[in-house]
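Colleague: Got a minute to go through this one with me? I'd like to start with a few residues and then move on to cavities and salt bridges.

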Amino acid sequence: MSSAPPPGTVRVLGDAGPAQEEVLTEGALRFVAQLERRLRPGRAAILEDRRQRQLRLDRGEVPDFLAATRALRDDRGWRVAAPPADLVDRRVEITGPVDAKMLINALNSGARTYMADFEDANSPTWPNCVVGQANLRAAVRRELEFEGGGRTYRLGKNVATLLVRPRGWHLPEKHMLVDGQAVSASLFDFALFIYHNARELLAAGSGPYLYLPKLEGHLEARLWEEACRLAEEELQIPSGSIRVTVLIENILAAFEMEEILFELRDRATGLNAGRWDYLFSVIRKFRLDPAYVLPDRSLVTMAVPFMRSYAELLVRVCHGRGTHAMGGMAAFVPNRRDPEVTARALQAVALDKEREASQGFDGTWVAHPDLVPVATQAFDRVLGARPNQLERSREDVEVGREQLLAVALTEGTVSPQGLRTNCSVGIRYLGSWLQGSGAVAIDNLMEDAATAEISRSQIWQWLRHGRISREELEATEAEVMAGLGEEFQLARQLFHQVAAGDDFVEFLTLPAYQLLE
């Protein structure tokens, strides 16, 4: 990378081929830079607040609901804005990366919506991010096509409603510099999608809809509100046009769900129970406390006390404010070459979605088109002809700090098989991620950055608290590598760095990103 340019400049350092000229127009670059300059100080403050909060947690601070905003939580009079027409019924949402084939198959899948993902399901190579934006632009205009395997893939007549998930506040986009600094990856993804598509979507009777990831509290939601307001003013689109669903995938955010909705009340369309990142956040935030050591990942289901409490509180909060509660992702995926695996996956997903529907969720996520029918059937049985179950208040739910933090009640042990699974998933996923694939089927489970984070952070936690030894870890890594090729050596080195280093790396995607061109 060349030396930093002087202040007051915008510089693009990557080459993504023909899509770059289409996406990174002069107007688009100016729009990204305007948002970056306005919001850079606020983003820096948020990241510093996260760092300071972690230091306090390391010293034993226990999270709780905010005393300063109790009146806001107790005020039952306020509601969020009503959802737009094409987000009233969200019973099944499919998610995945932004490559052309996936976009077409997902939009044609029969799901109500598709969340196109620049975050956990995306390896953020420069071509992936730029070509992904070009694909979205073409899809919005119904021009997207893909040639492959002797077939031509095209959008059907009826397609899912599009939502887009930008990357989280902590991630940079190193290929675009504004005044000598890498721009926020969040603002890069957000700004390009809004700039190229907001007016077209609104003219078609829809709108620019987003999923907001990795928030840790309501002040981070306030910064997103400012980003949306600035974008609407600059593009001269109606206030409140940009609508957002927030992923509650951090345990600290679970204590501020009401406040997050309040900050975004004129554009919020719900909260989502992002279970895998939530589980990772429990390990990450309380990594030094032996009371928060978790057993094998396979044993930490949505039925364990602290996960069940989080899910049910989310439903109560959302329905109390008149907005959607969205369920999370079941990791099981079908295998079209193995009927037995497919049958087990369908059964597991059906049970998971039946649980969510019975808890009061208004919809759920799947990662594969073949899972859309089984998830739809589970919600159809509960919803019937209703588009959602917002009227179900769940006032029977009583969840306080003790219930959200009841991690010690999780039953199970740390087993050699659990260690091997984490090593295998982590190394194999990172190998694919470094090659440009961010969503990977491994052992009939769909793995993404969130599940890889669980794998490596559990190992760090287990090492820290004496549940495994370094010798056991290294032997298990060697066993996993015996079945893999030399191309996974870099992935193993990276995995060991983030799983066994003396200091905990906040997000494995930060050092991993430095290895991407």
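Modeller: What follows is a short walk through a predicted model.

Colleague: Start with H175. Where is H175 found?

Modeller: H175 is in strand β7, which covers residues 172-178.

Colleague: Buried or exposed?

Modeller: H175 is buried, and its relative accessible area is 7%. The cut-off for buried is under 20%.

Colleague: What does H175 touch, leaving out residues up to four places away in sequence?

Modeller: On that count H175 touches R11, V12, L13, G14, W126, Y513 and E517. With E517 there is a polar atom of the H175 side chain 3.4 Å from the backbone oxygen.

Colleague: And how far is H175 from R275, going by C-alpha atoms?

Modeller: Their C-alpha atoms are separated by 31 Å, and the two residues are 100 apart along the chain.

Colleague: OK, switching to D120. Where does D120 lie?

Modeller: D120 sits in the loop between β3 (113-117) and α5 (126-140). D120 counts as buried, at 6% relative accessibility.

Colleague: Which side chain does D120 make a polar contact with?

Modeller: That of K214, at 3.2 Å. Setting aside neighbours within four places in sequence, the contacts of D120 also take in R165, D277, Y429, G438, D448, A449 and A450.

Colleague: Now cavities. How many are there of 30 Å³ or more?

Modeller: Two. The largest cavity holds about 160 Å³ of space, and the second largest about 40 Å³.

Colleague: Which residues lie nearest the centre of the largest cavity?

Modeller: E119, D120, L171, A449 and T509, out of 18 residues in the lining. So D120, which is buried, turns up there too.

Colleague: Which helices supply at least two residues each to that lining?

Modeller: α10 (275-285), α16 (449-464) and α19 (509-513). By type, the lining of the largest cavity has nine nonpolar, three polar and six charged residues.

Colleague: And what lines the second largest cavity?

Modeller: K214, E216, E249, N250, D277, F280, S281, R284 and F507. Five of those lining residues are charged, two are polar and two are nonpolar.

Colleague: I see E216 and R284 in that list. How far apart are their closest N and O atoms?

Modeller: They are 3.3 Å apart, and E216 and R284 form a salt bridge. This pair links distant parts of the chain, 68 residues apart: E216 is in the loop between β9 (209-212) and α7 (218-235), while R284 is in helix α10. Both are buried, E216 at 7% relative accessible area and R284 at 4%.

Colleague: Which residues are linked in a network of salt bridges?

Modeller: R50, E216, E220, R284, K285, R287 and E506.

Colleague: How many salt bridges does the count come to?

Modeller: 53. One of them joins R51 and E48, with the closest N and O atoms 2.9 Å apart.

Colleague: Why are R51 and E48 separated by about one helical turn?

Modeller: Because they are three residues apart in helix α2, residues 26-58. R51 is partly exposed at 46%, and E48 is partly exposed at 32%.

Colleague: Last one. What about E263 and R222?

Modeller: E263 and R222 form a salt bridge, at 2.7 Å between the closest N and O atoms. E263 is in helix α9 (residues 257-263) and R222 is in helix α7, so the pair ties together parts 41 residues apart in sequence. E263 counts as buried at 16% relative accessibility, whereas R222 is partly exposed at 43%.

Note on methods
Residues numbered from 1 in each chain as written. Predicted model: local features only at pLDDT ≥ 70, side-chain atom pairs only at ≥ 80, totals over all residues. Heavy atoms only, no water. Helix = DSSP H or I, 4+ residues; strand = E, 2+ residues; numbered from the N terminus. Buried < 20%, exposed > 50% of the residue type's maximum accessible area, 1.4 Å probe, protein only. Contact = heavy atoms within 4.5 Å. Polar contact = N/O pair within 3.5 Å; in protein donor to acceptor, adjacent residues only side chain to side chain. 1 Å grid on protein atoms, 1.4 Å probe; cavity = no way out; pocket = protein on both sides within 12 Å on 5 of 7 lines; lining within 4 Å. Points joined across faces, edges and corners; volume = space filled by probe spheres on them. Nonpolar A, V, L, I, M, F, W, Y, C, P; charged D, E, K, R; others polar. Salt bridge = Lys/Arg side-chain N within 4 Å of Asp/Glu carboxyl O.
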